[in-house]
There are 2 protein chains.
Amino acid sequence: MGVPGSYTEEAAVGYFKNEYELTGYPSFHDVVHRLETKEIRYGILAIENSSTGSVHQTLDLIREKNLYITGEAIQKVEHYLMAVKGSKLSMIKKVISHPQGLEQCGSYIRKNGWEIGTHVNTAAAAKEAAQKNDPYTAVIASKRAASIYGLEILDEKIQDNNHNYTRFVVLSGTKEITEGADKISLVFIVKNVPGSLYAAIQGFAENGVNLIKLESRPIWGEPWHYFFFMDLEGSLEDERIKRALSYLEIHCKSYRILGNYKKASFSMEVKNE
Amino acid sequence: MGVPGSYTEEAAVGYFKNEYELTGYPSFHDVVHRLETKEIRYGILAIENSSTGSVHQTLDLIREKNLYITGEAIQKVEHYLMAVKGSKLSMIKKVISHPQGLEQCGSYIRKNGWEIGTHVNTAAAAKEAAQKNDPYTAVIASKRAASIYGLEILDEKIQDNNHNYTRFVVLSGTKEITEGADKISLVFIVKNVPGSLYAAIQGFAENGVNLIKLESRPIWGEPWHYFFFMDLEGSLEDERIKRALSYLEIHCKSYRILGNYKKASFSMEVKNE
């Protein structure tokens, strides 16, 4: 998703190297639609940021659209403030970016007291700013976006948290288990009885399976009822995993395996320039 | 939070009746700051929508700022599309609202192919639209906001989901347990060992305590580590709850009770006009 210079493009280049031709689409829905019609083999979407949390549109689309996760990538995200040539930091009155970019630089923006505006993509915001040529409006995007669209950098690494990473998922319209898969994602709805969440995750605890993440999302049209998204370590071939999943059969109304794929390597020192 | 005509104001009026004087502030941070300085006795913020999920800024602020939840209110949210007099639905090119308002009307907006812009508050967006007098830009806000700011309604009940409710929390800078309290909110971080989440919630299952909600949020500066926010049924006076909480002592790095308050009454037929 996105135009050249987006963080997603950087993640896609890092993950696929030169194996596939890359094409950008303006929105999550566009990417998902192309996956459904099989116009594209894989789609790559941000799913979580280490400071601001999950990207719920991605979680919800994977579930709703019957997509599969076939891989993931982690990207260090450093935000730059940029504007057209002739602009200065002291002239800025408004700042535009993707809502996640704005949130990740929230303290910085509040300190400066700027008005905010959103865009569906950080790099697309940079592209538009270059066309509009308004010296009072800045954009938050990547260093590379500034260079691609000829904007001047007014301030650098403005994210509130220096340990700012985004995790991306590689999606496919067809099921596919990668070699050396060691991470499983699944979605489930527990039965509406007390203790059912506890009973559902009991199998993982008893079989020594490590839960990486557990996140709840509302069920559409059923106020205050939730899905759970879960990431765990392991392979679907593993007997311990099979035993753990059998608890979900019993204690869940429904569940679906979203994918079994290779965990992205991650260290706090990861750098992408 | 908000200006006259906001959904939060409606919730505040419903909850406090005429017991307290109401004042509006432009942002979450402003409300929280006034709670910390004790300029205001209570603050009311949206914490969850039944279609789009949790309002993470609220969850994070309650935890970070050592605030207490002293009550909650649920409000049916019906969105209206409005613009200045002389505008027509066919003229609209851009639509402005709070990100939650835009998300709750996402399908409707995509169907119309409009550009989107965000504002910190739906009613404030309506107020600004009335001043700017631009017939090509519409605002998504409450029916009451249209009437207060003299805007014309172009379309009604445009939310994607007719069962669209927002839950608000009443916050205080000081601990306070309401009479007849039957709901507890808490935040915890489990120890970094496999099975610790399971072990932490074991006490609730074994003591027959009903978990209403469990939600994870990233820990600032510690990528891929999470807090859990939990809502459950009961009173801190109850022996079963005391026994269940003793499990948290053992299996958590840290935990804090955010409040013990009266659950909002809710039925799908709730209507607020």
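Two residues are in contact here if their C-beta atoms, placed from the backbone, lie within 7 Å. In this predicted model, 8 residues of domain 1 of chain A are in contact with 8 residues of domain 2 of chain A by that criterion. On the side of domain 1 of chain A that touches domain 2 of chain A, 3 residues are nonpolar, 5 are polar and none is charged. The C-alpha centres of these two domains of chain A are 24 Å apart. Domain 1 of chain A is made of two segments, 7–76 and 164–172, while domain 2 covers 80–155 and domain 3 covers 183–261.

The relation between the two chains comes next. Chain B is superposed on chain A by a rotation of 180° with 0.0 Å of shift along the axis, at an RMSD of 0.0 Å. This is therefore the relation of a two-fold axis. Both copies use the same surface, since 100% of the contact residues of chain B recur in chain A.

The contact between the chains involves 34 residues from chain B and 34 residues from chain A. On the chain B side, the elements that give two or more residues are strand E6 (115–118), helix H8 (196–206) and strand E11 (211–218). E11(B) provides the largest share, 7 residues. By residue class, the side of chain B that touches chain A has 15 nonpolar, 15 polar and 4 charged residues.

Helix H8 of chain B, one of these elements, has several buried residues: B:Leu197, B:Tyr198, B:Ala200, B:Ile201, B:Gly203, B:Phe204 and B:Ala205. Just after H8(B), B:Gly208 adopts a positive phi of about 65°.

In chain A, the loop between helix H8 (196–206) and strand E11 (211–218) holds A:Asn210. A residue is partly exposed when its count of other C-beta atoms within 10 Å falls between the limits of 12 or fewer for exposed and 20 or more for buried. A:Asn210 has 13 C-beta neighbours inside 10 Å, so A:Asn210 counts as partly exposed. Apart from neighbours within four places in sequence, A:Asn210 is in contact with A:Leu232, A:Glu233 and B:Pro194. A:Glu233 is 23 residues away from A:Asn210 along the chain, yet their C-alpha atoms are separated by 5.6 Å.

A:Glu233 belongs to strand E12 (residues 226–233) of chain A, which is joined to strand E10 (residues 183–190) of chain A by 6 bridges in an antiparallel arrangement. Between these strands, A:Ser185 has A:Asp231 as its bridge partner in E12(A). E11(A) also runs antiparallel to E12(A), with 7 bridges joining the two. Here A:Glu215 has A:Phe229 of E12(A) as its bridge partner.

Strand E6 of chain B, another of the elements in the contact with chain A, leads to a further sheet. This open sheet of chain B has 5 strands in the order E6-E5-E7-E4-E8, with mixed pairing. E6 and strand E8 (152–155) of chain B are at the edges with a single partner strand each, so one side of each has no neighbour in the sheet. From one strand to the next the twist averages 35°. Strand E5 (residues 94–97) of chain B runs parallel to E6(B) and is joined to E6(B) by 4 bridges. B:Ser97 stands opposite B:Thr118 in E6(B). Helix H6 (residues 122–132) of chain B packs on the sheet and touches strand E4 (80–83), E5 and strand E7 (137–141) of chain B. The direction of H6(B) makes about 150° with that of E7(B).

Conventions: Residues are numbered from 1 along each chain as its sequence is written. Chains are lettered from A and ligands numbered from 1 in the order in which they are written. This is a predicted model: local features need pLDDT of at least 70, side-chain atom pairs count only at pLDDT 80 or more; totals for chains, interfaces and linings use all residues. Ala, Val, Leu, Ile, Met, Phe, Trp, Tyr, Cys and Pro count as nonpolar, Asp, Glu, Lys and Arg as charged, and the others, Gly among them, as polar. Two strands pair if DSSP finds at least two bridges between them. Axes are lines fitted to C-alpha atoms, for helices over the stretch in contact, and angles run from 0 to 180 degrees between N-to-C directions. Copies are superposed by least squares on the C-alpha atoms of residues with pLDDT of at least 70 in both. Domain bounds come from an automatic or database domain assignment.
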